[in-house]
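Trainee: I would like to go through this model slowly, with the sequence and the structure side by side. Could we take one question at a time?

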Amino acid sequence: MTDSRPDIPQCPHVFDHPVTYADRQLVNDAIAYSRSIGDLTGLQIHLARLGPCHAREQYLALLADAEEAAHADNITRDHHTGT
Ligand SMILES: [Zn+2]
């Protein structure tokens, strides 16, 4: 069985932008934690990590292509099986 997930592009920036949804959630959790303890420096750093990044844009485009390909496979399979 092959893994249909696209390769995850790597962010080259200093503040390491999260690329996947799971990684973005970790940053959101870190923001909430920084706020809860009043860590303003940590808050600024984590907020900077949520900025725009071409690696994330590339990843989202790859996901969209993979979903489109999977959808096309399902249509083709359904057509051949008559479902
Ligand atoms: Zn980046």
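**Reading the helices**

Mentor: Of the 83 residues of the protein chain, 7% count as buried, and please keep in mind as we go that this is a predicted model.

Trainee: Which elements make up the secondary structure of the protein chain, and in what order do they run?

Mentor: The count comes to three helices, with zero strands beside them. Reading from the N terminus on, the order of the elements is therefore written with helices alone, as α-α-α.

Trainee: How many Å does α1 reach from its first C-alpha to its last?

Mentor: Helix α1 covers residues 21–37, and has 17 residues. At 1.5 Å a residue, the expected value is 24 Å, and the model comes close to it. The reach of α1 from its first C-alpha to its last is 25 Å.

Trainee: Which residue follows α1, and what is its phi?

Mentor: The residue that follows α1 is G38. The phi of G38 is positive, and its value is near 75 degrees.

Trainee: Where does D16 lie, and what is its phi?

Mentor: D16 belongs to the segment before α1, and it counts as partly exposed because 16 other C-beta atoms lie within 10 Å, whereas a buried residue would need 20 or more. Although D16 is not a glycine, its phi is positive, at about 25 degrees.

Trainee: How are α1 and α2 oriented with respect to each other, roughly parallel or roughly antiparallel?

Mentor: Helix α2 covers residues 40–49, and it packs with α1 at an angle of about 160 degrees, the axes being 9 Å apart. Since angles over 145 degrees count as roughly antiparallel, that angle makes α1, relative to α2, roughly antiparallel.

Trainee: What is the handedness of the crossing, and which residues of α1 and α2 meet there?

Mentor: Where α1 passes α2, the crossing is left-handed. From α1, the residues in the contact are V27, A30, I31, S34 and R35, and on the side of α2 they meet G42, L43, H46, L47 and R49. By kind, the residues of this contact divide into five nonpolar, three polar and two charged.

Trainee: How far apart in space are A30 and H46, C-alpha to C-alpha?

Mentor: A30 is found in α1, and it is partly exposed because it has 18 other C-beta atoms within 10 Å, a number below the 20 needed for a buried residue. Along the sequence, A30 and H46 are 16 residues apart, while in space their C-alpha atoms are separated by 6.9 Å.

Trainee: What separates the C-alpha atoms of L26 and H46?

Mentor: L26 also has its place in α1, and it counts as partly exposed, with 13 C-beta neighbours inside 10 Å. L26 and H46 are 20 residues apart along the chain, and the separation of their C-alpha atoms is 9.9 Å.

Trainee: Finally, where does L62 lie, and what separates its C-alpha atom from that of I8?

Mentor: L62 lies in helix α3, which covers residues 54–81, and with 15 C-beta neighbours inside 10 Å it counts as partly exposed. L62 and I8 are 54 residues apart along the chain, yet their C-alpha atoms are separated by 8.8 Å.

Terms used: Residues are numbered from 1 along each chain as its sequence is written. This is a predicted model: local features need pLDDT of at least 70, side-chain atom pairs count only at pLDDT 80 or more; totals for chains, interfaces and linings use all residues. Axes are lines fitted to C-alpha atoms, for helices over the stretch in contact, and angles run from 0 to 180 degrees between N-to-C directions. Helices (H or I, at least four residues) and strands (E, at least two) are DSSP runs, numbered from the N terminus. Angles under 35 degrees count as roughly parallel, over 145 as roughly antiparallel, 65 to 115 as roughly perpendicular and the rest as oblique. A crossing is left-handed if the near helix is turned anticlockwise from the far one by less than a right angle, and right-handed if clockwise. Two residues are in contact if their C-beta atoms, placed from the backbone, lie within 7 Å. Ala, Val, Leu, Ile, Met, Phe, Trp, Tyr, Cys and Pro count as nonpolar, Asp, Glu, Lys and Arg as charged, and the others, Gly among them, as polar. A residue is buried if 20 or more other C-beta atoms lie within 10 Å of its own, exposed if 12 or fewer, and partly exposed in between; C-beta atoms are placed from the backbone. The expected span of a helix is 1.5 Å times one less than its number of residues.
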